[in-house]
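Reader: I am in my first year and would like to learn how to read a protein model, one question at a time. Could we look at one together?

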Amino acid sequence: MIKELLASKSTLEYFYILTGIILWFYAYMTLKDEKHEARIGTAIFWFVLGLIFVGGKWLPPVVSGALVVLIALLAGLEKIGKGTYFSTTLEFQQKRREELGNKLLIPIVLISGTAIAFALAKLHPLVGLGVGSVLALIATKFYAPKDSFAHILDSGRETSDRLGWALVLPPYLAALGALFNKAGVGEIVSELVKAIFPVGTPLGAIVAYAFGMAIFTIIMGNAFAAFAVITSGIGVPLLIKAYGVDPAVATALAMTAGYCGTLTTPMAANFNIVPVALLDIKDKYKVIKVQIPMAIVLWVTHIILMYVLLF
C-alpha cells in the first residue's frame, strides 16, 4: 500500500498542494510587508501561482491558461519585487555557522539523498524529492530548534522574491517545448537551416546540424528539447545517412554544440538568470555577456572536432 503510494505519480498532487499553500503563505507575508517595493503585485503573483499548484488538477485549462498569462503580465510589467525579511546581524550569523558547522548541509543531503534512494528503489523520484523536502524541514527543528518555521519560511520567501519570475521559467519552458513540438516549430527551424547552409557538402551539413542545435537551444533554453527535432530533421538525413558517419560521435558532439546556445540565452534561466538574482548583480544579462565569447569559441571548436572525427 505504502509502496504503491510512493511509486504513484498521483501522489505528486499532495506535494503540489503543499507547495501551493507555502506560496499562499508568501502572498500573506508579502501583504503584511508594508515596506515591500511592489507589495500588491508580488502578493498577487504568489497567490495566483499557489492557486495553479493547488487547483491545477481541477481548474479548467482555459482558467489555468488565463492565470499563467496573468502572472506573466505581472512579471513583464515589473510588478513583482523584493521586500523586507527576517534578518540577524552578521556576528550572529557567523556564530551560528560555527555552532552548526557541517549540519548546515543536512537539508541538501536529505533532499537529494531521498530522491536518489526513491529512484534506486524504483519508486517515483519526484515523490522522493517532495518527501526529502518535508524531512529536511522537519530536521531543522532538531539541529536548529531555536529557528521557528515562520523564520524558515520567510527565508524561503526572500529567496523566491530574489528569483522572481525566473523561478517559474523552467516549467513554463517544459510546457512551451511540448507546444512547439505539436505546432511543428522544430520542423520549420530545420527547413530554415537547410535553406541557409549548403548542406550538400560534409562541412555544410556539419555546420547546419550544429547551428540548428545551437539556435533551437537558444529558443528553448535547453539542448535536450532541440536534440530530437534537429537530429531527426537535419542530423540523420543530411549527415549520418548521407555520409555514413558514426552516429554516436555525431550526435554526442551535436548535443554539446547545442549547449553552446545555452550559454547565450536568458531562456536558460537556471544557469544564466538565477545566479544573477542570487548574487544581486545589477546587470541581469551580465552572466550571458561574459559567456558569449566562450560560447562562440566552443561552438567553432565543435565544428572542427566533428569534421576531423567524422571524415
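Reader: Which two side chains meet in a salt bridge at 2.9 Å, N to O?

Author: A salt bridge is taken here as a side-chain nitrogen of Lys or Arg within 4 Å of a carboxyl oxygen of Asp or Glu. The model is a predicted one, in which local features need pLDDT of at least 70 and side-chain atom pairs count only at pLDDT 80 or more, while totals for chains, interfaces and linings use all residues. Residues are numbered from 1 along each chain as its sequence is written, and side-chain values use heavy atoms, with hydrogens and water left out. With the closest approach given as 2.9 Å from N to O, the two side chains are those of D154 and R157.

Reader: How far apart along helix α8 are D154 and R157?

Author: Helices (H or I, at least four residues) and strands (E, at least two) are DSSP runs, numbered from the N terminus. Because D154 and R157 are three residues apart in helix α8, the separation between them is about one helical turn.

Reader: Which residue in the loop between α2 and α3 is tied to R157?

Author: R157 belongs to helix α8, which covers residues 149-163, and its salt bridge partner has its closest N and O atoms 3.8 Å apart from it. The pair ties together parts that are 124 residues apart in sequence, since the partner lies in the loop between α2 and α3. That partner is D33.

Reader: Is R157 buried or exposed?

Author: Buried means under 20% relative accessible area, exposed means over 50%, and partly exposed lies in between (1.4 Å probe, protein chains only). D33 has a relative accessible area of 6% and is therefore buried. R157 has a relative accessible area of 2%, so R157 is buried.

Reader: Which residues are linked with R157 in a network of salt bridges?

Author: A search of the whole structure finds five salt bridges, and some of them join up into a network. Besides R157, the members of this network are D33, D154 and D161.

Reader: What is the relative accessibility of E158, the salt bridge partner of R162?

Author: R162 and E158 form a salt bridge whose closest N and O atoms are 3.5 Å apart, and they are separated by about one helical turn because they are four residues apart in helix α8. R162 counts as partly exposed because its relative accessibility is 26%. E158 also counts as partly exposed, and its relative accessibility is 22%.

Reader: What kind of aromatic pair do Y26 and W46 form?

Author: Rings of Phe, Tyr and Trp (its six-membered ring) pair if their centres lie within 6.5 Å, and planes under 30 degrees apart count as stacked, over 60 as edge-to-face and the rest as tilted. A search of the whole structure finds seven aromatic pairs. In the pair of Y26 and W46 the centres are 6.0 Å apart and the planes stand at 80°, so the pair is edge-to-face.

Reader: Which residue joins Y26 and W46 in a cluster of ring pairs?

Author: Y26 lies in helix α2 (residues 12-32) and W46 in helix α3, 20 residues apart, so that their pair links distant parts of the chain. W46 also forms an edge-to-face pair at 5.0 Å centre to centre, with 80° between the planes. The partner in that second pair, and the third member of the cluster, is F45.

Reader: Which residues is A43 in contact with, leaving aside its neighbours within four places in sequence?

Author: A43 lies in helix α3 (residues 39-55), and with 5% relative accessibility it counts as buried. Contact means heavy atoms within 4.5 Å. With the sequence neighbours set aside, the contacts of A43 are A27, T30 and L31.

Reader: Which helix gives the largest share of the largest nonpolar core?

Author: A nonpolar core is a set of buried Ala, Val, Leu, Ile, Met, Phe, Trp, Tyr and Cys residues joined through side-chain atoms within 4.5 Å. The largest one has 31 residues, and those with the most contacts inside it include Y209, M213 and F216. The elements that give two or more residues to this core are α10 (185-196), α11 (202-220), α12 (223-243), α13 (247-262) and α16. The largest share, nine residues, comes from α11.
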